[in-house]
Amino acid sequence: MRYSYIKPAPKTALSKDMQLLFTFFSVTLFMLFLTYGFLLFRDYRFEQNRAELIQEEQDFRVSIEEMKSKIAKIEEQNILSERVFTKNIVLKDSIHNLFDLVPARITLSKAEIMQNGLVLYGITPNKDIYNFMLQAPLRSIFHRTYSSFYPLKNGWFSFVSTNYIDEESNDEY
Amino acid sequence: MNISRQHIYMLLLSLVLLTFVLIFSFAVLIPNGKEYRVKRADLKKEYRKLKQLNDFSDETSATLQKLQADHRHIITAFDTPFVVSRFEKQHRGFFSSLKLSKLEKKENEDGFSVYEVNTTSEINSPKSFYKFLDAVNKSDWIVAINFPITFKRDSEMINSSFTMKVYSNNKDVKISSENNSHSELDSESKQKN
């Protein structure tokens with residue numbers, strides 16, 4: 001016997017309201033966790049990138065230091081070689097000037113060129129030629145000039161001319 | 001007011017879930033998000049710094065390459081071990097005879113190794129000596145002619161003696177004697193090939 005004209009709806013634990021509620025919170029929670037997961041992943045990637053960047057930075061610094069030390073070395077080498085080349089050229093000019101200084105009538109037998117001095121050995125027809133033509137220019141170059149003469153059998157003189165530049169003045173050049 | 005038990009459960013569940021969402025958002029997500037923004041800014045800064053370093057490295061590299069190209073002769077000269085026989089061979093033309101004594105290691109100068117070598121030679125004119133001095137500056141080594149220099153007339157020839165300083169990089173340079181000079185020359189020519 002039926003006591004109602006309507007068909008009874010089956011009762012479930014998940015009513016339509018509950019379903020709506022669950023759907024809403026499921027979507028909300030899913031989005032929250034997705035955002036959290038994204039943040040965690042980005043954090044992990046940042047750390048990775050940061051470590052790579054630090055390594056690259058370190059490599060660059062090492063390479064720059066190496067290049068800088070190479071540049072410094074080349075500059076040092078350049079300065080030293082320029083100094084050596086200049087010294088050789090100055091030496092050549094000095095020797096050139098020395099031989100130009102000696103007049104044709106005086107014959108040199110030996111020349112010793114030192115850092116601060118010059119010793120010349122040779123023969124001269126007479127002392128005057130030596131004094132006017134060789135000693136005078138030597139005096140204008142060197143601070144101290146000493147000459148010794150030894151008479152030869154043919155009337156000429158053998159001479160030793162010792163010339164020095166004082167150390168203090170030499171440093172200035 | 002008639003509220004069903006089901007509605008009460010639903011309200012409680014909603015409140016619990018909402019509380020969770022709020023706590024999770026404010027306690028976890030928002031701080032993490034802030035941290036993410038800070039880290040992103042830091043990383044951008046790091047990238048900018050790296051780019052600056054990269055640019056500086058490129059500039060330094062260009063400077064180094066230019067220096068290396070401009071001073072190739074000098075760099076090679078400092079690295080080349082001094083070979084007595086090779087020097088004699090290269091500069092024999094300026095003298096009637098040229099003899100070099102064994103290399104002697106001197107104290108380091110300006111961070112470079114210095115070797116001293118005594119030289120005796122015979123020339124027929126001082127002009128040969130001038131040419132030799134010009135050639136020394138273009139030789140395979142950095143060589144400085146040193147005082148004292150002695151010129152002594154011997155009939156038509158002039159005997160000259162002087163010391164030379166050979167500069168090389170401050171490392172253990174294998175000093176080449178006449179016996180092993182040929183083998184070193186061979187190895188150098190092989191390297192060049």
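How are α1(A) and α4(B) oriented to each other, roughly parallel or roughly antiparallel? In this predicted model, the axes of the two helices come within 9 Å and cross at roughly 170°. Angles over 145 degrees count as roughly antiparallel, and α1(A) and α4(B) are therefore roughly antiparallel to each other. On the chain A side, the contact is made by A:N88, A:L91, A:K92, A:I95, A:H96 and A:F99 of α1(A). Facing them from α4(B) are B:P126, B:F129, B:Y130, B:L133 and B:V136. Sorted by class, this helix contact has eight nonpolar, two polar and one charged residues.

A look at α4(B) itself, residues 126–136, fits into this picture. Its buried residues are B:F129, B:F132, B:L133 and B:V136. Seen down the helix axis, these fall within an arc of 100°, so they line one face of α4(B). An α-helix has 3.6 residues a turn, so residues three or four places apart point the same way. What the buried residues of α4(B) pack against is a mix from both chains: α1 of chain A, together with α3 (84–91), β3 (112–123), β4 and β5 of chain B.

Helix α2 of chain B, residues 72–79, has a buried side too, with B:I75, B:A77 and B:F78. They cover an arc of only 160° around the axis, which puts them on the same side of α2(B). Over on the other side, B:R72 and B:T76 are exposed. The buried residues of α2(B) pack against α1 (16–101) of chain A, and also against α1 (5–70), β4 (142–154) and β5 (157–169) of chain B.

Taking the two chains as a whole, 52 residues of chain B are in contact with 48 residues of chain A. On the chain B side, the elements that give two or more residues are α1, α2, α4 and β4. The largest share, 28 residues, comes from α1(B). By class, the chain B side has 31 nonpolar, 15 polar and six charged residues.

Strands link the chains as well. Strand β1 of chain A, residues 107–113, pairs with β4(B) in the antiparallel sense, over four bridges. Within this pairing, A:E112 has B:T150 of β4(B) as its bridge partner. Strand β4 of chain B also holds B:P148, and a cis peptide bond joins B:F147 to B:P148, with omega at about -5°. Most peptide bonds are trans.

Key:
Residues numbered from 1 in each chain as written. Chains lettered and ligands numbered in written order. Predicted model: local features only at pLDDT ≥ 70, side-chain atom pairs only at ≥ 80, totals over all residues. Buried ≥ 20, exposed ≤ 12 C-beta atoms within 10 Å, placed from the backbone. Arc of directions from axis to C-beta. Contact = placed C-beta atoms within 7 Å. Nonpolar A, V, L, I, M, F, W, Y, C, P; charged D, E, K, R; others polar. Pairing = 2+ DSSP bridges. Axes fitted to C-alpha atoms, helices over the stretch in contact; angles between N-to-C directions. Parallel < 35°, antiparallel > 145°, perpendicular 65-115°, else oblique.
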